[in-house]
Each structure stands twice: as C-alpha cells, then as structure tokens.
Amino acid sequence: MKIRIKDIPGVPTELAYAEPVEALNATLRVGPNHDCEFSAALDVRVTFYRSKMDLFFDGDFHGVATATCARCLDPFPLEVMNSFSVVLTPETALSSEIELTASDMAESFYSGKEVDLTRLVYEQVLLALPTRPLCDEKCRGLCPQCGVNRNTEQCSCAVEAGDPRLAVLRTLKIDRGV
C-alpha cells in the first residue's frame, strides 16, 4: 500500500487493511532456508501523521505463518505479531567526507512523492520472525544416528556421553581434598 506524502496530514490518521503476502513469501524463499511461509494476508493497523517534513508511522500487524521447526523439521503454525514505530526523514545527498554517527545509522529516510507501507511492514515482519523457529521449547528433535523424530517415536540408538574429542579429559583423576 502506498500513501502520497502530500496526503499525510498533520493530525494522526488511522488505517486498517489486509497486507498481501505474495512478495513477502518470495523474499522468505530466497536463500538456503525456507523456514516460514504465510498463507493469508497480514492484518495491519497503522496511525500516520507528519510534523514538518518528518513522517511518523505507529502500528501493529498480525499474521500466521507455516514454519518448519529447526529441531524436528515438522511444519507448525507460527503466530507472528509485533508493534512498530518508524520515523522517516527526507533523504538528503550526503557528501562522502561526512562521518556518520550511531544515531544517523538508526534513521530511516524517504524520497519521492509517496511512502510504500508494504516495504515498512515487510521489514517489521522480517524483524519479528524467530531466527530458529521451534514447534515447542521442549522439542527433542531428530535422532542424529537414525533420523527418527524423538517427539513421536523412541529409537534404540546408543546415546554418546558428550563430545568424543573430550573423552580423554573424562579419564583424569582429580584430587579434591586439596
């Protein structure tokens, strides 16, 4: 959804809409991991206004993705929601000799005659997604020997006690009487 800058008033204006997810899913498919995919549009509510040339956007979004658990590789529904607050300032041409500060790096800019809310919302969704989606915090994952899902089946594989490279350290005798 795009909003023309000249249509952004000086008083807060509310907007609720359904954000399509086709482009977001295409972005999520890029790269080696395809952990999440949205099947329905995101519910977005945003309040926007301007103060001189600065544009303010406060809102929240909600959606459900189908995610793949990082431990057991089973698909599960992942509820994704978050609130956001973004301030956009006009983009200015920077000289190559200007040193940027930390606060300069945190700023967001706009240029042109309109602001693309879709881009802002997608950015916030990507920030809200977990780096390693888990179906449950207690997920036991896959057996490293036979590959069975330990959440649904028991396997008869022997469990090694720790890292084999440290096995020699387990044989050390330590006098604890000192």
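Buried means under 20% relative accessible area, exposed means over 50%, and partly exposed lies in between. Keep these cut-offs at hand for the exercises. The model is predicted.

**Exercise 1. Asp 163 and Arg 165**

Task: Find which residue meets the side chain of Asp 163 in a salt bridge, and class both partners by exposure.

Solution:
- Step 1. The side chain of Asp 163 meets that of Arg 165, at 2.6 Å from N to O.
- Step 2. Asp 163 has 25% relative accessibility, so it counts as partly exposed.
- Step 3. Arg 165 has a relative accessible area of 69%, so it is exposed.

**Exercise 2. The overall layout**

Task: Describe the protein by its helices and strands, then by its surface.

Solution:
- Step 1. There are three helices and eight strands.
- Step 2. Along the sequence they follow the pattern β-β-α-β-β-β-β-α-β-β-α.
- Step 3. The protein has 178 residues, and 26% of them count as buried.
- Step 4. The accessible surface is about 12400 Å². Carbon and sulfur atoms hold 54% of that surface.
- Step 5. Take the contacts with a separation of 6 or more: 60% of them join residues 24 or more positions apart.

**Exercise 3. A bridge between two strands**

Task: The structure holds five salt bridges. Work out which parts of the chain the bridge of Lys 2 ties together.

Solution:
- Step 1. Recall the principle: side chains of opposite charge can pair when their charged atoms come close.
- Step 2. Lys 2 pairs with Glu 114, and their closest N and O atoms are 3.7 Å apart.
- Step 3. Lys 2 lies in strand 1 (residues 2-4) and Glu 114 in strand 8 (residues 114-116), so the bridge ties together parts 112 residues apart in sequence.
- Step 4. Check the exposure. Lys 2 is exposed, because its relative accessible area is 54%. Glu 114 is partly exposed at 38%.

**Exercise 4. Around helix 1**

Task: Start at Asn 25. State whether it is buried or exposed, and follow its contacts to Glu 37 and Phe 38.

Solution:
- Step 1. Asn 25 sits in helix 1 (residues 22-29).
- Step 2. Its relative accessible area is 6%, so Asn 25 is buried.
- Step 3. Beyond its neighbours within four places in sequence, Asn 25 contacts Glu 37 and Phe 38.
- Step 4. Glu 37 also forms a salt bridge with Arg 29, at 3.7 Å from N to O. Glu 37 is partly exposed at 39%. Arg 29 is partly exposed too, at 43%.
- Step 5. Phe 38 returns the contact with Asn 25. Leaving out residues up to four places away, Phe 38 also touches others, including Val 21, Leu 24, Leu 28, Val 64, Val 80 and Val 125.

**Exercise 5. The largest nonpolar core**

Task: Find which residues have the most contacts inside the largest nonpolar core, and which element gives the largest share.

Solution:
- Step 1. The core has 35 residues. Those with the most contacts inside it are Leu 24, Phe 38, Leu 42, Leu 55, Phe 57 and Leu 88.
- Step 2. Two or more residues come from each of helix 1, strand 3 (36-38), strand 4 (42-51), strand 5 (54-68), strand 6 (75-90) and helix 3.
- Step 3. Strand 6 gives the largest share, six residues.
- Step 4. Leu 88 is in strand 6. At 1% relative accessible area, Leu 88 is buried.
- Step 5. Leu 88 touches residues including Met 53, Leu 55, Phe 57, Phe 109, Val 115 and Leu 120, with those up to four places away not counted.
- Step 6. Leu 88 and Met 53 are 35 residues apart in sequence, yet 8.7 Å apart in space from C-alpha to C-alpha.

**Exercise 6. Rings and a patch**

Task: Describe how the rings of Tyr 49 and Phe 56 are arranged, then name the residues of a nonpolar surface patch of about 520 Å².

Solution:
- Step 1. The whole structure has three aromatic pairs.
- Step 2. One of them is Tyr 49 with Phe 56, at 4.9 Å centre to centre and 10° between the planes. Stacked pairs have planes under 30 degrees apart, so this pair is stacked.
- Step 3. Tyr 49 is partly exposed at 24%, and Phe 56 is partly exposed at 21%.
- Step 4. The patch is made by Leu 166, Val 168, Leu 169, Leu 172 and Ile 174.
- Step 5. Leu 169 is found in the segment after helix 3 (117-128).

Terms used:
Residues are numbered from 1 along each chain as its sequence is written. This is a predicted model: local features need pLDDT of at least 70, side-chain atom pairs count only at pLDDT 80 or more; totals for chains, interfaces and linings use all residues. Side-chain values use heavy atoms; hydrogens and water are left out. Helices (H or I, at least four residues) and strands (E, at least two) are DSSP runs, numbered from the N terminus. Buried means under 20% relative accessible area, exposed over 50%, partly exposed in between (1.4 Å probe, protein chains only). Contact means heavy atoms within 4.5 Å. Rings of Phe, Tyr and Trp (its six-membered ring) pair if their centres lie within 6.5 Å; planes under 30 degrees apart count as stacked, over 60 as edge-to-face and the rest as tilted. Patches are made of residues with over 30% relative accessible area and no salt bridge: like charges are joined within 9 Å, nonpolar side chains (Val, Leu, Ile, Met, Phe, Trp, Tyr) within 5 Å. Accessible areas come from the Shrake-Rupley method with a 1.4 Å probe; for residues, only the protein chains shown count as cover. A salt bridge is a side-chain nitrogen of Lys or Arg within 4 Å of a carboxyl oxygen of Asp or Glu. A nonpolar core is a set of buried Ala, Val, Leu, Ile, Met, Phe, Trp, Tyr and Cys residues joined through side-chain atoms within 4.5 Å.
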